[in-house]
Amino acid sequence: MKLRLWMKLSGDYPSYWLIVGFDDVIAYKEGGSSNPDKPARPSGPMSGKPGEEYTYTSYYTHPEGEQVYYKWDWADGTFSNWIGPYNSGDTTSASHSWNHKGMYSVRVKAKDINEEETDWSEPLVLTVPREKVTYN
């Protein structure tokens, strides 16, 4: 396969065509995970209240398009069960509540239908501050 790239340099430099050849090409959907070895960093609330449930989402694009399962690390000593299967690139969501104040690094990992697991995603840090107590 040959790929032709157009490169325009900033400033008063000339533009170039670059033609390169590849033996194997793997394409990822634009906006996909920056690292194909792990799911996208979770999206969701970054602050919350003790005892309230919050929902987080992520996705993983499997290099070979296989279906995937997801497992969530809630950073409070608990993990979700494996959730799925989902089609490659489909968004998953999971909900959790934290009972104590603190900072929690929420992460997710994926495994394919052949039981091959990814690395953990980059974490989303959630802060659960102490609830204010008001007296009447």
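Me: Which residues lie nearest the centre of the largest pocket?
Reply: The structure is a predicted model, in which local features need pLDDT of at least 70 and side-chain atom pairs count only at pLDDT 80 or more, while totals for chains, interfaces and linings use all residues. A pocket is an open set of points on a 1 Å grid over the protein atoms alone (1.4 Å probe), with protein on both sides within 12 Å along at least five of seven lines; lining residues have an atom within 4 Å of a point. The lining of the largest pocket has 13 residues. Those nearest its centre are Tyr60, His62, Pro63, Asp112 and Glu116.

Me: What is the volume of the largest pocket?
Reply: A volume is the space filled by probe spheres set on the grid points, which are joined across faces, edges and corners. For the largest pocket this comes to about 190 Å³.

Me: How many residues of the lining of the largest pocket are charged?
Reply: Asp, Glu, Lys and Arg count as charged; Ala, Val, Leu, Ile, Met, Phe, Trp, Tyr, Cys and Pro count as nonpolar; the others, Gly among them, are polar. The lining has three nonpolar and three polar residues. The number of charged residues is seven.

Me: How many helices and strands does the protein chain have?
Reply: Both are DSSP runs numbered from the N terminus: helices are H or I over at least four residues, strands E over at least two. From the N terminus on, the elements run β-β-β-β-β-β-β-β. The count is zero helices and eight strands.

Me: What share of the residues of the protein chain count as buried?
Reply: Residues are numbered from 1 along each chain as its sequence is written, and side-chain values use heavy atoms, with hydrogens and water left out. Buried means under 20% relative accessible area, exposed over 50% and partly exposed in between (1.4 Å probe, protein chains only). Of the 136 residues, the buried share is 28%.

Me: Is Thr92 buried or exposed?
Reply: Thr92 is found in strand S6, residues 91–97. Contact means heavy atoms within 4.5 Å. Leaving aside neighbours within four places in sequence, Thr92 is in contact with Tyr56, Thr57, Ser58, Tyr70, Trp72, Ile83 and Tyr86. Its relative accessible area is 0%, so Thr92 is buried.

Me: With which side chain does the side chain of Thr92 make a polar contact?
Reply: A polar contact is a pair of N or O atoms within 3.5 Å; within protein, one must be able to donate a hydrogen and the other to accept it, and residues adjacent in sequence count only if both atoms are side-chain atoms. The pair here is at 3.2 Å. The partner of Thr92 is Tyr86.

Me: How many residues apart in sequence are Lys38 and Glu122?
Reply: A salt bridge is a side-chain nitrogen of Lys or Arg within 4 Å of a carboxyl oxygen of Asp or Glu. Lys38 forms one with Glu122, the closest N and O atoms being 2.4 Å apart. Lys38 lies in the loop between S2 (16–21) and S3 (53–59) and Glu122 in the loop between S7 (102–112) and S8 (124–128), so the pair ties together parts whose separation in sequence, in residues, is 84.

Me: With which residue does Arg107 form a salt bridge?
Reply: The closest N and O atoms of the pair are 3.0 Å apart. Arg107 in strand S7 is thereby linked to a residue of strand S4 (residues 68–73), 34 residues apart. Arg107 is partly exposed at 26% relative accessibility, whereas its partner is buried at 9%. That partner is Asp73.

Me: Which residue meets Lys111 in a salt bridge?
Reply: The distance is 3.0 Å, N to O. Lys111 is buried at 10% relative accessibility, while its partner counts as exposed at 53%. That partner lies in the loop between S7 and S8 and has a positive phi near 75 degrees, though it is not a glycine. The residue is Glu115.

Me: Which residues does a cis peptide bond join?
Reply: Omega of the bond is about 10 degrees. Pro85 has its place in strand S5, residues 83–86. The bond joins Gly84 and Pro85.
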